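I am keeping these notes for a reader who has not met this structure before. The sequence and the model come first.

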Amino acid sequence: MMKQESIILLLLGAFFGIMGAVYWGWGHEDGGGVMLLGAFFLGLLPGFYYFWWYRRSGGNRPEDRDDASIADGAGVVSSFPSTSIWPFVLGSGCFFFVLSLVFGIWLTVPGVILILSAFIGATAESRRGGDV
Amino acid sequence: MTDLIERPLDTAPGDPHGAGDHHGHDGGHDDHGPSGILKWLTSTDHKVIGINYTVTSIIMMVIGGAFAEVIRAQLASSTSSLVTLQQYNELFTMHGSFMIYLFVGPFAFAGLANYLVPLQVGAPDMAFPRLNALSYWLYLGGSITMLLGFTASGGPAAFGWVGYAPLTSAVNAPGAGPDLWIGALMLTGFSAIFSGVNLVATIFYLRAPGMTLFRMPIFTWNMLVTGILILLAFPVLTAGLVMLYCDRHFGTHIFEVQGGGVPLLWQHIFWFWGHPEVYILALPFFGMVTDIIPVFSKKPLFGYKGMVFATLTIAALSLGVWAHHMFTTGAVLLPFFSIMSLLIAVPTGIKIFNWIGTMWGGNLHFSTAMLMSIGFVITFLIGGITGIYLASPPLDFFTHDTYFVVAHFHSVVMALTMGAFAGIYFWFPKMTGKMLHEGWGKAQFWTLFIGTQVFTFPMYLLGLHGMPRRMAVYPNNPSWQNMNDWASVGALIIGISTLLFVINVIVSYRRPIIAGDNPWDASSLEWFTSSPPPHHNFVALPPIRSERPVWDFNHPDKPALGHGHGTHAGTHPPTSADATKEVAGS
């Protein structure tokens, strides 16, 4: 369960770590060295998390078993929003906010109002839905 | 509003109840929730968002393509004054920006991937549907922001799509246009990061029972790796853009020599994003053709695990090649970047070998999707091999900033465009329930393929003859003039091919040929549900016992054949003529 996923991320992270060490040790170039160090951690962080989760939960998920039948995963998959206006409102707020960086600070007013409305609206929507 | 989604029903080969259920057209997702403009604004369905992304990105391709046609019209004569020098700079900047930031990437990792990944793993939606919708709105906002550059008093950004410092400083690039370019990339950058999160989470957490990692279609595998690469690369670009904005407006000197900054740092940051980005753009199309070629070869994929290994290796190496764009700066570690860049040819070569291995001895059917896939392989091979030349510093010193480099990456991105159309022709029936017309499609393929070669080959020669890139006018040298004319003719043929595609879509909508659920007799899960699929995708799922679950279900008497024995695998893929018969019979 999640073992293969964690191994992929850990291997990628380890490769970036080795590559970064060779690069920095050979070329002494700090910019690229720091970015490869970041990539190393970005591989290890989720990789270890998934490995910890795999060790903690123990069992096999039906999607990780070769012999699982569809019925083995019967029941609720998850809760999904069917429609929501709030992503559009949040996206519009971000759009106005970015335009404010170009055309003037006054555009942050509609930007921030839309962004806050979206945060409140999406949270309230999730509470009404109950299971998101 | 939220829906609790239960796992679809189990169904077995020969089970009339299960099969009957999933083949029933229940109106797709159109009957769910609001309709019209409100549906467009509020939908969190991955299929609606995927189509939104696809259509928007194709519009961006047409706009970016129009810029290219003006560029080539300007270059058709050595002393043309069709556009001013400043307008020429703006045009090539916007052409590159539209094509790279707003078309190729979003089309692949957010358009078709959004539509297909949940279907291919048997999931009801993406893992975070509202985040997915936000991704699209950020992308649309970014696209509009980029377009707004044309309304700025000083015109849009004119420093090239790579935005090298110090060309981007407030002194060298004043005005709102460059800031709008920065803002657009910030919005689309966050959009890409959210898409990456969604892809990885969906593939890790929402696969159907039995859909182990090594049974996923290669397209989904490639989207997993693309998602990981997005998460590694895009934050670096977005951070670089914030630094650039601070340099321009807040008095920092990160990329400016005055005050102790380092202009070269921008190139490191940009290409640390930019070269993985090449694979972020390419891997989805590798995945598409890897799914398409076996279907029209009537064989299982040759070397499934080799393909997965090659994709992961490309991802790993892609973070160690960024400074091969910077060889001529004289300030990078040449042997390291040369070795890493040459190494990446190995997994790419494995892929090309496996595509040919899949076709070898197969029962080939040259549909438009297959022709586009073969065109992709050939054109990508040309772009890839010339890329190997450029990975060698001595050759790069000779050709850097010449048309040879322009030709190299246009071979690559035109190959990706063929991959994009392969994907459109293959999955259009699933998305709409209608076939695209094969006759118009083949006309489009041949114009696109021939136009691409007529367009790129003279540019390779121009580069070897020393013509620098980004020149609006050039010396009246007969050989340069002649080759530029040919390149412009090629660009015109490519433009005609795009027009043929638009005509095809209109014709196919006006005189629809109903596709059915699985018109190509394909093998991955998206072909098990109706066309278009219902809201939350599946009423029933087949048992998943191999990487070809729908083939196993539909052909229980013909289990997956071994590699190299595929010539007797069964029926020909239905053509549009067969689909017509289905309409007539229904």
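What follows are my entries on confidence, domains and one helix pair.

I note first that this is a predicted model, in which local features need pLDDT of at least 70 and side-chain atom pairs count only at pLDDT 80 or more, while totals for chains, interfaces and linings use all residues. Residues are numbered from 1 along each chain as its sequence is written, and chains are lettered from A and ligands numbered from 1 in the order in which they are written.

I looked up the scores and found ipTM 0.94 and pTM 0.92. For chain B, the average pLDDT (the predictor's confidence in each residue, from 0 to 100) is 91, and 91% of the residues score at least 70. In chain B, pLDDT stays under 50 over residues 16-30 and also over residues 562-586.

I then turned to chain A, which is divided into domain 1 (3-65) and domain 2 (86-129), with bounds from an automatic or database domain assignment. The C-alpha centres of these two domains lie 35 Å apart.

Last, I looked at helices H4 (residues 85-121) and H7 (residues 218-249) of chain B, whose axes come within 10 Å and cross at roughly 125°. Helices here are DSSP runs (H or I, at least four residues), numbered from the N terminus, and axes are lines fitted to C-alpha atoms over the stretch in contact, with angles from 0 to 180 degrees between N-to-C directions. Among the residues that meet, I noted Phe109(B) and Leu116(B) in H4(B), and Met223(B) and Ile230(B) in H7(B).

Terms used
Helix = DSSP H or I, 4+ residues; strand = E, 2+ residues; numbered from the N terminus. Contact = placed C-beta atoms within 7 Å.
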